[in-house]
Amino acid sequence: MSSEAAGKGPILVVDANDGPCVRSLFGALAARGWKVLFLRPYGLYYYRRVLKGTWSDLVGWRSIDANILEAHRAVPGLRTMPGLSLALIRRTLAGAMASFGCPSAVVYTLPFYAPLADRIRGEATLYFAYDAYRFYGGWNEQRIAALEDDMAARVDAVCTVSRQLEDDFTGRARRVQYLPNAAPDAWAERPTRGGVEPEPIRGLGRPIVGCVGAAQARYDWELIRKAAEDLPACSFVFLGHPPEPSGEARAVMGRRNIRFSGHVPHDTALECMRWFDVCWNPMALDDFNHRRCPLRLYDYLCTDRPVLSTGIREALELRPHVTVGTTAADCLEALKSMLDGRYTPDLEARRAAMKGHTWSVRAAQLEQVLADVKRGVKAGVAER
């Protein structure tokens, strides 16, 4: 179903984080014929000092890909000066609607945008909850919870990437839709390794236990330390930048059999994963991680390697294709079993399951959400 064929307007997404799940989901929607407009508001300091953005980048909309346009806007700061920042964002959104027409949907991705949600509306208005903002360091948990309540009351539907977030919003919003992360369609079609080892893991001792993504303070560093001690001949590889060297992470980072690669492009990461002996998700069990939906789990399932995770809530959704250790002892026993060859994944069942976990499937599911929401909105208008 293309937007042109259905005579529909664009999808307007207000998202400052440029998270890979947002990029992938709405990129897949664009591939299905929808025009997607990304508005990216950044705090002025972050935009100039961190992103190194220029003033010329703040002018107009630019083409990013077929059917995708993007605009950057610098604002004083949503946490420090929300009133002025929201007024500037609202002005840009109104200008986009004047230029491109009434959108089929306006999608908000931060609770700070709640005051805009009933002022700048399309045929449907959604909140895409893809992170647990209440648990961000330095953010006021009570304020974020109140803004989430406000957002949930104003939009037509809330889409969540995890079951725990779905539970959190149930009863607070008119409609809540579980819309988890996924994998690139092409990845799911070629799971086996080939060629030579990619450079980030070349020359490492085997076996290799690998984890993809920038390492975080919210990993279970005690579990990682214990695994590295129990398996000294094993290489533990983290494809990404190391965390800040503090606390438990500091002691682990100095071990000889632990390696951090630095930034690795996504496609290179896939090639590396195929050479892992075990793909690992060592996230700590806490309120924040239970609400996350790690992209790495879907990436791992595009290989023919065993996949092991700690018992975060979303990993449970991917059993039996992901082995879940509910305790540290369970994780270590499962890891040793995988390395000893006592565990073999059911690859046929995994590949069949992954056909339902691609970004094109998620885009089709989002299309259905939009269609259902708009029918409900029209029915409500007719009743009034």
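Colleague: Is the crossing of α8 past α13 left-handed or right-handed?
Modeller: α8 passes α13 in a right-handed crossing (the near helix is turned clockwise from the far one by less than a right angle). This is a predicted model, where local features need pLDDT of at least 70, side-chain atom pairs count only at pLDDT 80 or more, and totals for chains, interfaces and linings use all residues. Residues are numbered from 1 along each chain as its sequence is written, and side-chain values use heavy atoms, without hydrogens and water.

Colleague: Where are those helices, and at what angle do they cross?
Modeller: Helix α8 covers residues 221-230 and helix α13 covers residues 328-339. Their axes come within 11 Å and cross at roughly 40°. Axes are lines fitted to C-alpha atoms over the stretch in contact, with angles from 0 to 180 degrees between N-to-C directions. Helices (H or I, at least four residues) and strands (E, at least two) are DSSP runs, numbered from the N terminus.

Colleague: Which residues meet there?
Modeller: From α8, Leu223, Lys226, Ala227 and Asp230 meet Ala328, Cys331, Leu332, Leu335 and Lys336 of α13 (contact is heavy atoms within 4.5 Å). By class, that contact has six nonpolar, three charged and no polar residues. Nonpolar is Ala, Val, Leu, Ile, Met, Phe, Trp, Tyr, Cys and Pro; charged is Asp, Glu, Lys and Arg; the others, Gly among them, are polar.

Colleague: How confident is the predictor, and where is confidence lowest?
Modeller: The mean pLDDT (confidence per residue, from 0 to 100) of the protein is 89, and 93% of its residues reach 70 or more. The lowest is helix α1, residues 3-6, at a mean of 41, and the highest is strand β13, residues 307-310, at 98. Over residues 1-7 the pLDDT is below 50, and this stretch has 13 contacts in the model beyond near neighbours in sequence. Where pLDDT is low, the predicted coordinates should not be read in detail.

Colleague: Pockets next. What is the volume of the largest one?
Modeller: About 1,400 Å³. Of its 42 lining residues, Pro20, Gly213, Gln216, Arg292 and Leu295 are the closest to the centre. On a 1 Å grid over the protein atoms alone, a pocket is an open set of points with protein on both sides within 12 Å along at least five of seven lines, and lining residues have an atom within 4 Å of a point.

Colleague: Which element gives the largest share of that lining?
Modeller: α2 does, with five residues. The elements giving two or more are α2 (20-31), α7 (185-188), α10 (266-273) and α11 (295-300). By class, the lining has 24 nonpolar, eleven polar and seven charged residues.

Colleague: And what about the second largest pocket?
Modeller: Its volume is about 490 Å³. Of the 18 residues lining it, Ala16, Tyr42, Gly43, Tyr46 and Trp139 are the closest to its centre. Strand β2, residues 36-43, gives the most to this lining, with three residues. The lining divides into twelve nonpolar, four polar and two charged residues.

Colleague: Back to the backbone. Where does Pro207 sit?
Modeller: Pro207 is in the loop between α7 and β9 (208-212), and a cis peptide bond with omega of about 5° joins Arg206 to Pro207. Arg319 and Pro320 are also joined by a cis peptide bond, with omega of about 5°. Pro320 lies in the loop between α12 (313-316) and β14 (323-325).

Colleague: What is the phi of Asn67?
Modeller: Positive, at about 70°, although Asn67 is not a glycine. Asn67 lies in the loop between β3 (62-65) and β4 (68-75).

Terms used. 1 Å grid on protein atoms, 1.4 Å probe; cavity = no way out; pocket = protein on both sides within 12 Å on 5 of 7 lines; lining within 4 Å. Points joined across faces, edges and corners; volume = space filled by probe spheres on them.
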